[in-house]
Structure formats: structure tokens, C-alpha cells
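Work through the exercises below with the model open beside you. Try each task before you read its solution.

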Amino acid sequence: MTFFTDLGLAEPIVRALDSRGYADPTPIQRQAIPALLEGRDLLGIAQTGTGKTAAFSLPSLHLLASDPKARKPASCRMLVLSPTRELAAQIADNMRGYAKYLSLSIQCVFGGVPVGKNARALVPGCDVLVATPGRLLDLIDQRALTLRDVEIFVLDEADQMMDLGFIVPLKRIAALLPKQRQSLFFSATMPQSIADLGKQFIHNPVRVEVAPQSTTAERVEQFATFLNQAEKQALLTLTLRSGLADNSIDRALIFTRTKHGADRVVRHLSSAGIGAAAIHGNKSQAQRTAALQGFRKGQIPVLVATDIAARGIDVAGVSHVFNFELPNVPEQYVHRIGRTARIGASGDAINFACEEYVYSLPEIEDFIGQKIPVLPITEDLLLEYKPPKRLERRRPLLSGGESRGRSRAPHHRRPVNRG
Ligand code: AMP
């Protein structure tokens, strides 16, 4: 007997979980599943990496399977909205895995693939539809889909939905949903604006919060290195080269602010012989999928991403996140570093703070409620790209960093005996 059987989840679901090796629930699953099985609405404050996909999928699949209905054309019984294409694909993949011993049909639609292909897939109707908001509305406008049979509605990553300007599409979608339904609303952060948005979707919800708001993912060791823009690429290349060579870095995710910045970093790394691919909004869907798959399978050790493309992406074994540029908003920092230290693992987050963006750092520290230790550039690294005078210019930026800083191996190698 496991927790999942104790809850009374249908046997085929428990069997699918067994085959994935899930013995124990994660905290969000422990809190959310019983309430969802009772049909309650849910307000979930959780980052990705907490097991929230299973938390909303397992009880929903159970409810759908225990009340089988004939499929209606161009219709679905459960709708999951995701802000990005990659996250939508990932959710659908996970759900197909959890539902592999059930006869439920799970479809996924998002922009970047021909809308006609999506429309054809929806003709017979499906049980679960995972969608991005824009494409969902396109399909509704083309009369390829109706939401009138939705029984369970999940809005995932609500804060990113707002950041991406999906508020108007969301309101339109809300108006098309039946009043009588179960609604689940997830967000990594819950500022007032998101809570207000939530009120439009959920009624008398169970509130589940797995990490207090603004808490940085546990188990992520964070460091900041102060350097100028020109030094960043050199430090990144050297760090990755030595870390990948001695296996102290398994898989690294690099965040840049701009799409061009991401491409530039990939060009530099590739010319230094480091396998890297970029994922951002200017890439075609095929390129985005290939980059992500290569990274997932370990064929490409380095993925360079903008915030939009990388949100919610779950790739096991990301040992390092590099913020090549610090994010604009502190909340985004939490999401970025949450890409490492996924369930049961640890990870490092290394922040390149240069003059241009250094003022973001105190804001981030305020938000996460902790100081980020300074990781100085070591002498041997400096020798390799020879900017000795720069040390002097860097010092004023440290703002007391010497006292809180700690020294590490030249390429951020994890010391064996660190606590
Ligand atoms: P999510 O937060 O939904 O992106 O999930 C993060 C990762 O945790 C995914 O790779 C899941 O497959 C995995 N996961 C979810 N639930 C469990 C569990 N109970 N035990 C172990 N791994 C899990």
C-alpha cells in the first residue's frame, strides 16, 4: 500500500505511478489530491519542480475515468491552460504517462504548429486538452472547439500568464467555460493582482502552498560574481569547459535577457567547442523542440534560454543555472533557479552581476530574504583571459561582499566536504 493507493486513486493510475517509481507523494500532492478528489476548487502556490503536474493530473484523471462519458466532437472534459508551448507539451506528456492504463484521450494544442492540424485532432473530441491561450482562442474562433463540456479547468503558472499579457484572452476563455465546473489555479507567486485574477476562476478553494511565497528553491546554492559585460562570455566559456570536462557540471541552463543575447552566447560556446543550443521566441517550434530534446537526452549539455521559453521546463539533472544577465523582476529569479535542484537533486545557481544590472541584486536578495554569497573570480581564471586591472574596478561593486563572500574552486566546482 502506498499513499496513492490509500487515497483510493484508481488502480490503473497507481500502476502507472509504480512504473514511474513514485512511491511517496510530494508535499503538494499530499495536500492537494484528497481535496481535489472531493471535487473542491484549489488555489495552489507552488513552483514547478514540486510535483504539481501530478498533483492536479492524478485526481482529475481519476474523476474522469470513474465517470466515463462518450466523447463529443470538438469538445473536451478537462482543459489545462499553460503559458508556454514547451510547458504545455510537457504537461500533456506527463498526463499521457499517468493515464497510460486508462482509455482517456489527451490532446495538446499550441501555436507554432499549423492550426488545421490541431483542428483535425480535435474533431472526434477528447477527454483532456492542454493548450496555450492564444491557440485555444484561435480554435474556438474557427469553431474547431467548444468549451461547453469542460468539467475540470486548470490554469497553470498564472503569474507568467499575466507577465505575458494573457489577461484579455484569459477573461474571454473564462466567459466561455460552464459555470458548473471544478477549477484549479496555480501560481508560483501570489501578489494581489494574481489573487484578484484567481477570484474570477475559483470559488471557495482549498489553499495549498508548498513553499512560502518568495522562497528560493531549496537545495539551490547561489552565488554572485561581479564582472563586466565583456568578461562574462570568457568566464562562462572557461567555467563550462572545465566543469563539463571534470563532470562537476552535468547540464547547464544559461539565461539571457534577449533572444539575440542567447544566440550570441551559443555562437561563442559553439566556437569554443561546447555543445549548446538556444531556445527563445524567434526559433521555430521544430528548433525549440529539437533543442529541448537534445538537452533532455544529454546530447547538448548547455541550453541558452530567454525567460519566456524556459518557464516551467522540467529537465532532470540540470546541475547549474547561470544568470548571464540578472532578470528584470525578482520573481523571475526564483523561477530561473528553480530549473535546477528538481525533486531529490541539488544544484548551483551562478549570477553574473555586471555594472549595468548590479542594482537588481539587492532587490533579488530582498525578495528571497537571503544574501547571495559573492564568488570572486580567482587568479588563475583571470590569468586565462588576462584582465588584471579590472579587479580594481570591480571592488566598489562588492558592497561589503568581501566579508560575506567565499572563495570556491576556479570553475565553481562543488567542494567535496561542503555542508
Ligand atoms: P512538476 O513540478 O510537475 O514539473 O514535477 C517535477 C518532477 O517531479 C517531474 O519530473 C515529475 O515527473 C516528478 N514527480 C512528480 N511527482 C513525483 C513523486 N511523487 N515522486 C517522484 N517524482 C515525482
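**Exercise 1. Find the residue in β6 that is the bridge partner of Leu 43, then place β1 among its neighbours.**

Solution.
Step 1. This is a predicted model. In it, Leu 43 has Phe 185 of β6 as its bridge partner.
Step 2. Look at the whole pairing. β1 and β6 run parallel, and four bridges join them.
Step 3. Turn to β7. Four bridges also link β1 to β7, again in parallel. In this pairing, Ile 45 stands opposite Glu 209 of β7.
Step 4. Now sort the side chains. In a regular strand they alternate between the two faces of the sheet. In β1, Leu 42 and Gly 44 point one way. Leu 43 and Ile 45 point the other way. All four are buried.

**Exercise 2. Decide whether Asp 41 is buried or exposed, and list what it touches.**

Solution.
Step 1. Locate the residue. Asp 41 sits in the loop between α3 and β1.
Step 2. Check the accessibility. Buried means under 20% relative accessible area. Asp 41 has 7%, so it counts as buried.
Step 3. List the contacts, leaving out residues up to four places away in sequence. Asp 41 touches Arg 181, Gln 182, Ser 183, Phe 201, Ile 202, His 203, Pro 205 and Val 206.
Step 4. Pick out Ser 183. It is 142 residues from Asp 41 in sequence, but their C-alpha atoms are 5.0 Å apart.
Step 5. Look at the atoms. A polar side-chain atom of Asp 41 lies 2.8 Å from the backbone nitrogen of Ser 183.

**Exercise 3. Name the buried residues of helix α3 and the elements they pack against.**

Solution.
Step 1. Helix α3 spans residues 27–37. Its buried residues are Ile 28, Gln 29, Ala 32, Ile 33, Ala 35, Leu 36 and Leu 37.
Step 2. Follow them outward. They pack against the helices α1 (3–6) and α4 (52–66). They also pack against the strands β1 (42–45), β6 (182–187) and β7 (206–209).
Step 3. Go just past the helix. Gly 39 has a positive phi of about 90 degrees there.

**Exercise 4. Which residues come nearest to the ligand, and which polar atoms lie by its oxygen atoms?**

Solution.
Step 1. There are 16 residues around the ligand. Tyr 22, Gln 29, Gly 49, Thr 53 and Asp 314 come nearest.
Step 2. Start with a side chain. A polar side-chain atom of Tyr 22 is 2.3 Å from a ligand oxygen atom.
Step 3. Move to the backbone. A backbone N or O atom of Thr 50 lies 3.0 Å from an oxygen atom of the ligand. For a polar backbone atom of Lys 52, the distance to a ligand oxygen atom is 3.3 Å.
Step 4. Judge the cover. On its own the ligand has 500 Å² of accessible area, and the protein covers 85% of that.

**Exercise 5. Give the strand order of the six-stranded open sheet and find its edges.**

Solution.
Step 1. The order is β8-β13-β12-β9-β11-β10, with parallel pairing.
Step 2. Find the ends. β8 (220–226) and β10 (276–279) each have a single partner strand, so one side of each lacks a neighbour in the sheet.
Step 3. Note the turn. Neighbouring strands are rotated by 20 degrees against each other on average, direction ignored.
Step 4. Take one pair. β9 (252–255) and β11 (302–305) share four bridges. Leu 253 has Leu 303 of β11 as its bridge partner.
Step 5. Add a helix. α15 (330–337) packs on the sheet and touches β8, β9, β12 and β13. The directions of α15 and β12 make about 150 degrees.

**Exercise 6. Compare two loop residues with positive phi: where do Arg 143 and Asn 247 lie?**

Solution.
Step 1. Arg 143 lies in the loop between α7 and β5. Its phi is near 60 degrees.
Step 2. Asn 247 lies in the loop between α11 and β9. Its phi is near 65 degrees.
Step 3. Check exposure against the cut-off of over 50%. Arg 143 is exposed at 75% relative accessible area. Asn 247 is exposed at 58%.

Definitions and conventions. Residues numbered from 1 in each chain as written. Predicted model: local features only at pLDDT ≥ 70, side-chain atom pairs only at ≥ 80, totals over all residues. Heavy atoms only, no water. Pairing = 2+ DSSP bridges. Axes fitted to C-alpha atoms, helices over the stretch in contact; angles between N-to-C directions. Contact = heavy atoms within 4.5 Å. Buried < 20%, exposed > 50% of the residue type's maximum accessible area, 1.4 Å probe, protein only. Near = heavy atom within 4 Å. Polar contact = N/O pair within 3.5 Å; in protein donor to acceptor, adjacent residues only side chain to side chain. Areas by Shrake-Rupley, 256 points an atom, 1.4 Å probe, with all protein chains shown as cover.
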